[in-house]
Amino acid sequence: MAFNETKWVWMNGRTIRWQDATLHVSAHSLHYGSGVFEGIRCYETADGPAIFRLGAHLERFYASAAAYGTRIPYSVEQLEEAICETIRRNEFRSCYIRPICYHGSESLSVHPGKCPVEVVILTWPWATYLGAEGLEAGVRLTVSSWRKFLSQMMPTTAKACGQYVNSVLAVREAVERGYDEALLLDSNGAIAEGSGENLFIIRDGQLITNDEQSSILLGVTRDAVIQLARDLGYRVEIGTLYLDDLLSADEAFLTGTAAEVTPIREVDGAMIGTGARGPITHQIQDAFFAATSGRDARYKDWLHFVSERPVETVVA
Ligand SMILES: Cc1ncc(COP(=O)(O)O)c(C=O)c1O
């Protein structure tokens, strides 16, 4: 974690110093988890820092807030500019971006209506989430004893603060068991997702991933990988996944903004495929990083450049 490299934070319309970006302990969202957030990455490219799929992330940010009846008091354009400004002020070439919209301090009634709606944008340098060696050698998962909550209990497609206590329980258990990450099943016993990632398996040269029927957060990375894989000529099937499908898969990987495309080499002691990063996973990783770095011009639309204009047009 590199919080100490962050100097500036955007808070409620102003860019302020990291140490001044504080809120009161009576804030509603601290007590009841009534906030929503996003996790976004900015990558270094030949044209300067570029934010990967900013539009899709902000769309989900507003949708998550709407699912909780919260209106974000800024326009998409204002937040786009605020995010770019925060990255510029911190002079980051690449970073992780965490916009959060929460209810501040006014009342501790469960209904948050009296509490102000506040928005903060944090940025910090964040290397690979599941470890650099995980990206190459693959990670080890354990099936959690905690189930992913049903969509009738909470809006599973929303990225809301309180919903992450489910992930916190699962990942703590996984680490206690000596694993890298937890895999949660849904209430029917089908696979849902990791504590912070979606899942793909590869069988007979075909990719399979699940959808919101299995209580997953519909990942922006998942969506990008579906498109990249199809563009590479692979069939991608969307359907329910069971543990047997994963255990008998030729290859499997996790996707997420933090985890990017991370191979899975083991689940509870059982080797997946050859127990190493598989060739199709490797190819998809390469295609993903070619897109995020701007090296593959076909996916330039997925990049939002932090400078007002790409460098070459500024120079011209
Ligand atoms: C529970 C959960 N599922 C899936 C994902 C992957 O989503 P994305 O690819 O949009 O980061 C995340 C990460 O945000 C997550 O927290």
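These notes cover the ligand site and the internal cavities of a predicted model.

1. Where the ligand sits. The ligand occupies the space of the largest pocket. Two or more residues of the surrounding shell come from each of helix 2 (54-67), helix 6 and strand 14 (251-256).

2. Residues around the ligand. The shell holds 16 residues, and those that come nearest are K159, Y164, E193, T221 and T257. By class, the shell divides into nine polar, four charged and three nonpolar residues.

3. Polar contacts. Side chains of R60, K159 and T257 each place an N or O atom close to a ligand oxygen. For K159 the distance from a polar side-chain atom to an oxygen atom of the ligand is 2.6 Å. The side chain of T257 also has an N or O atom 2.6 Å from an oxygen atom of the ligand. For R60 the corresponding distance is 2.8 Å. The ligand taken alone exposes 380 Å², of which the protein buries 95%.

4. Cavities. The model contains three cavities of 30 Å³ or more. In the largest cavity there is about 50 Å³ of space.

5. Lining of the largest cavity. The residues that line the largest cavity are R41, Y43, F52, H57, V220, T221, G256, T257, E260 and F288. Strand 4 (40-43) and helix 6 (220-231) each give at least two residues to this lining. Four lining residues are nonpolar, four are polar and two are charged.

6. Shared residues. T221 and T257 line the largest cavity and are also among the residues that come nearest to the ligand. Helix 6 likewise contributes to the cavity lining and to the shell around the ligand.

Methods:
Residues are numbered from 1 along each chain as its sequence is written. This is a predicted model: local features need pLDDT of at least 70, side-chain atom pairs count only at pLDDT 80 or more; totals for chains, interfaces and linings use all residues. Side-chain values use heavy atoms; hydrogens and water are left out. On a 1 Å grid over the protein atoms alone, a cavity is a set of points where a 1.4 Å probe fits but cannot get out, and a pocket is an open set with protein on both sides within 12 Å along at least five of seven lines; lining residues have an atom within 4 Å of a point. Grid points are joined across faces, edges and corners, and a volume is the space filled by probe spheres set on the points. Helices (H or I, at least four residues) and strands (E, at least two) are DSSP runs, numbered from the N terminus. Ala, Val, Leu, Ile, Met, Phe, Trp, Tyr, Cys and Pro count as nonpolar, Asp, Glu, Lys and Arg as charged, and the others, Gly among them, as polar. A residue is near a molecule or strand if one of its heavy atoms lies within 4 Å of it. A polar contact is a pair of N or O atoms within 3.5 Å; within protein, one must be able to donate a hydrogen and the other to accept it, and residues adjacent in sequence count only if both atoms are side-chain atoms. Accessible areas come from the Shrake-Rupley method with a 1.4 Å probe; for residues, only the protein chains shown count as cover. A molecule sits in a cavity or pocket if more than half of its atoms lie within 2 Å of its grid points.
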